[in-house]
Amino acid sequence: MQKALKWQLNIFDLTFPQVVIRGRYVGGADDLLQVVEDDRFSRIIQDPVTHCRENGVISWDEDLLSVASRPDLFKVPRVRGEGVWYPNWPYYVFQWTVHANLIRYISVLQVSLSRRLLRFSKLERQTHAIFAPMH
Amino acid sequence: MGLVWLLLETDGDSNPENGAMKGFQSRIALILLIFFLVDCIIFTLIGPSPFSPTGVISTYFGWKSRGNATSILPYKAVFAAYIVGTCILLDKWNKADTEELMKSARSSAQKQMVGYITNSLLLAIFRF
């Protein structure tokens, strides 16, 4: 079921809810709130009904498509909901939230870096050159 | 991208007898360690993007599968521990002027790196 939904929405990872308005995929809860904040909701609900493409894939909202395909380095993700206390500060001060999978990717890069450093330190056991004092 | 290449492709198995290469590798190790430290500091004090190099790379290439928004605080705590550990290591490394201290610094560097690898692997797989 989840696989089918992923395929139909053409998304990599599935979180809930996923919102489809008048046959057009709008995104998750955050995206819907963004739509409301940007005053695009009234336009979307007045749009004509969009049918699935011939292969059964649901069309994306154009604004969502442009946001999803263009990495935004300056966007601090927002966690919204009842009891949420994270402040919505700009990107150049202490950030309180992160996109979950970015932690995975950063960790993979760190594993690679640490592996390299471990190799250097092991090599030094033979050569007495690596991790030696720099003076 | 050169830095990414350095992270992923640079091989430390060059000729150990070559004196110039020894100094080069030592400097590369120091540069990588400082890069790691600076990256962790930026991540902890600000956040992954747009200032932290690994954060920017991850955001740029992982944007399509970035997942949902979550609190960064537990990860900042982990990265702060990395900062403390790396600072201690750098201090040991800097102060190691005898063979004994050098051995000790090398041994703790290895243990620390194994710890980082294990912890980061767990973060990468399970995100905790």
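No salt bridges turn up across the interface of chain B and chain A: the rule finds zero there. The model in hand is a predicted one, and its two chains still meet over plenty of residues, with 75 of chain B in contact with 62 of chain A. About 6300 Å² of area is buried between chain B and chain A, and carbon and sulfur atoms give 68% of that. As for polar contacts, 17 residue pairs between chain B and chain A make the count, with both partners at pLDDT 80 or more.

On the chain B side, the elements that each supply at least two residues to the face touching chain A are helix H1 (2-9), helix H2 (19-45), helix H3 (53-62), strand E1 (69-71), helix H4 (73-95) and helix H5 (99-126). H2(B) has the largest share of that face, putting in 16 residues. Sorted by class, the chain B residues that touch chain A come out as 42 nonpolar, 20 polar and 13 charged.

So much for the interface; salt bridges do occur elsewhere. Side chains of opposite charge can pair when their charged atoms come close. Over all chains, a search of the whole structure finds five salt bridges. One of the pairs is A:Arg78 with A:Glu37, where the closest N and O atoms are 3.5 Å apart. A:Arg78 sits in the loop between H4 and strand E4 (97-99) of chain A, while A:Glu37 belongs to helix H2 of chain A, so this pair ties together parts that are 41 residues apart in sequence.

Turning to empty space, the largest pocket holds about 1000 Å³. Its lining runs to 42 residues, and those nearest the pocket centre are A:Gly28, A:Asp31, A:Leu64, B:Arg66 and B:Gly67. From chain A, strand E2 (24-27), helix H2 (29-37) and helix H4 (62-69) each bring at least two residues to the lining of this pocket. H4(A) gives the most, with six residues. The lining of the largest pocket breaks down into 18 nonpolar, eleven polar and 13 charged residues.

There is also enclosed space, in the form of one cavity of 30 Å³ or more. The largest cavity has a volume of about 80 Å³. Around the largest cavity stand 15 lining residues, with A:Lys75, A:Pro77, A:Gln95, B:Pro48 and B:Ser49 nearest its centre. Nine residues of the cavity lining are nonpolar, four are polar and two are charged.

Methods: Residues numbered from 1 in each chain as written. Chains lettered and ligands numbered in written order. Predicted model: local features only at pLDDT ≥ 70, side-chain atom pairs only at ≥ 80, totals over all residues. Heavy atoms only, no water. 1 Å grid on protein atoms, 1.4 Å probe; cavity = no way out; pocket = protein on both sides within 12 Å on 5 of 7 lines; lining within 4 Å. Points joined across faces, edges and corners; volume = space filled by probe spheres on them. Helix = DSSP H or I, 4+ residues; strand = E, 2+ residues; numbered from the N terminus. Nonpolar A, V, L, I, M, F, W, Y, C, P; charged D, E, K, R; others polar. Contact = heavy atoms within 4.5 Å. Buried area = accessible area lost by both parts, 1.4 Å probe. Salt bridge = Lys/Arg side-chain N within 4 Å of Asp/Glu carboxyl O. Polar contact = N/O pair within 3.5 Å; in protein donor to acceptor, adjacent residues only side chain to side chain.
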